[in-house]
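Please take the sequence and the model side by side, and follow the chain with the numbering in view. The paragraphs below begin with one residue and widen from there.

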Amino acid sequence: MEIKYSDKLMSLPPYLFIELDRKKKELQQKGVDIISLGVGDPDLPTHSHIIEAMKKAIDNPKTHQYPFGKGLEEFCVAVANWYKKRFNVELDPNNEVHSLIGSKEGIAHLPLAFVDKDDYVLVPEPGYPVYSSSVILAGGKVYYMSLKEDNNFLPILEDIPKDILKRTKLMFLNYPNNPTTQVATKKFFERVVEFAKEYNIIVAHDCAYSEIYFKDDKLDDSIPPISFLSIKGAKDVGIEFHSLSKTYNMTGWRVGFVCGNKDIIFGLSKVKDNYDSGVFSAIQYAAIAALEGPQDCIENVRQIYKERRDILFNGLRKLGLDVFLPKATFYLWCKVPKKETSLSFAEKLLNVGVVVTPGVGMGKSGEGYVRFALTVPKERIQEALERIKKVL
Ligand SMILES: *Cc1c(COP(=O)(O)O)cnc(C)c1O
């Protein structure tokens, strides 16, 4: 029999990070010592009080059944309390919070609830690849908003053609931003609310890195990062995706949540009711322990990333590379040397066993950049710098 894939599936680009992982494993099999600064996956373990909560929860047979729906009552309350404490945002745990099997899952399903054939979705580029693939799989069209250095890696909303905006249902935003590490200002978010109301566009803000930020000596009112939902009127137009993955070193657990406008969340919940059966209850109890437990564990993690960031930032600068000092996220966004492209430079580094993400893989405005992830111990970062020196 001839197996024929859907046009939608065939129009997807290869999933960047799976490609990177495959290349890495191939080299490892040849015995090459690989320093992986490609995929951003925390190397630090999940904090022990979270693991203990999971162990206890799993002994209760009630957690073994289908969880279904928005999540445990206690989970939604824990999220609402955390949002109030961290962002001073009020959420109704009954209808303004919904658990997710990682925020990637919610992001990927969202367009199915709002996008009809040939509707447009505004997607930042360079950016997390799931925004565009979810639109393509839902049968929609992507309009890319470039994030460029000369506009502080914020999209220029005024540049989007009016005839596109008329057919636009949804926009994705992501601050602190992966990969550019930029943090959004309150002023920008205020403009987004105004813009969304003017053109009747749903705003989906991906806030996965809100807790990975750095306090430098300079006073900076963009740190700690704010929630989009803290802006007046934001809850009329939008939702925010959140993840425990980066905040609590829980990427493998698959738990996150979405919060904000209840009608938008209702749309997503309808898709989810038909596609999945919720987050394993024992994992929800672990997530509650994370959200309600001591938050100084995050501060320790921030300190570790900051030390790594400083070593890599200073090291790359010394080598003459043009790199941005990140205020947030665990990435470094770095210009490639003149005469290199992001692919040629990434390949050079791969030849000496250093894996980075070529910026162009995350969107065409990422050309000329590579992304380093800070998710390896500092000794390995130092070793990576030694190897990079050799290829320059
Ligand atoms: C890591 C990441 C996510 C996904 O996190 P999960 O909750 O683990 O699915 C979402 N958005 C961005 C920008 C990320 O980098």
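At 15% relative accessibility, aspartate 119 counts as buried, because the limit for that class is under 20% relative accessible area. The model in which this value was computed is a predicted one. The partner of aspartate 119 is lysine 169, and the two form a salt bridge in which the closest N and O atoms are 2.9 Å apart. Lysine 169 is not buried to that class, being partly exposed with a relative accessible area of 30%. The pair links distant parts of the chain, since lysine 169 belongs to strand β5 (residues 168–174) while aspartate 119 sits in the loop between α5 (103–114) and β3 (120–125), and their positions lie 50 residues apart in the numbering.

A second pair of this kind spans a longer stretch of sequence. The side chains of lysine 335 and glutamate 149 meet in a salt bridge with an N to O distance of 3.0 Å, and here too distant parts of the chain are linked: lysine 335 is in strand β9, glutamate 149 is in the loop between β4 (141–146) and α7 (162–166), and the two are 186 residues apart. Both partners are partly exposed, lysine 335 with a relative accessible area of 26% and glutamate 149 with one of 33%.

What does a salt bridge within one helix look like in this model, and how many residues apart are its partners? Lysine 186 and glutamate 190 both lie in helix α8 (residues 186–199), four residues apart, which is about one turn of the helix. The closest N and O atoms of lysine 186 and glutamate 190 are 3.6 Å apart, and glutamate 190 is partly exposed, at a relative accessible area of 38%. Elsewhere, salt bridges that share partners join Asp33, Arg380, Glu383 and Arg387 into one network. The count of salt bridges comes to 26. As general background, side chains of opposite charge can pair when their charged atoms come close.

These pairs can now be placed within the division of the chain. The protein chain is divided into domain 1, which is made of residues 7–45 and 296–391, and domain 2, which is made of residues 48–292. The centres of domain 1 and domain 2, taken over C-alpha atoms, are separated by 24 Å, and the contact takes 37 residues from domain 1 and 40 residues from domain 2.

The size of an interface is often given as the accessible area lost when the parts come together. For domain 1 and domain 2 the buried area is about 3,300 Å², with carbon and sulfur atoms giving 62% of it. On the side of domain 1, Arg302, Lys327 and Thr329 lose the most area to domain 2, and together they make up 21% of what that side buries.

Polar and charged pairs also cross this interface. Three salt bridges are counted between domain 1 and domain 2, and 18 residue pairs are in polar contact across the interface. The elements that give two or more residues to the side of domain 1 that touches domain 2 are α1 (7–10), α12 (296–318), β9 (331–335) and β12 (369–373). Of that side, α12 supplies the largest share, seven residues, and the residues of the side divide into 21 nonpolar, seven polar and nine charged. A further salt bridge in the model joins the side chains of aspartate 216 and arginine 309, at 2.7 Å from N to O.

The loop between α12 and β9 offers two residues for a closer look. Is threonine 329, which has its place in that loop, buried or exposed? Threonine 329 is buried, with a relative accessible area of 0%. Leaving out residues up to four places away in sequence, threonine 329 touches Pro176, Asn177, Thr181, Tyr209, Ile212 and Phe214, and a polar atom of its side chain lies 3.3 Å from the backbone nitrogen of tyrosine 331.

Aspartate 322 lies in the loop between α12 and β9 as well, but it counts as partly exposed, at 37% relative accessibility. Apart from its neighbours within four places in sequence, aspartate 322 is in contact with Cys334 and Lys335. The C-alpha atoms of aspartate 322 and tryptophan 333, which are eleven residues apart along the chain, are separated by 9.0 Å.

Notes
Residues numbered from 1 in each chain as written. Predicted model: local features only at pLDDT ≥ 70, side-chain atom pairs only at ≥ 80, totals over all residues. Heavy atoms only, no water. Domains from an automatic or database assignment. Contact = heavy atoms within 4.5 Å. Buried area = accessible area lost by both parts, 1.4 Å probe. Salt bridge = Lys/Arg side-chain N within 4 Å of Asp/Glu carboxyl O. Polar contact = N/O pair within 3.5 Å; in protein donor to acceptor, adjacent residues only side chain to side chain. Nonpolar A, V, L, I, M, F, W, Y, C, P; charged D, E, K, R; others polar. Buried < 20%, exposed > 50% of the residue type's maximum accessible area, 1.4 Å probe, protein only.
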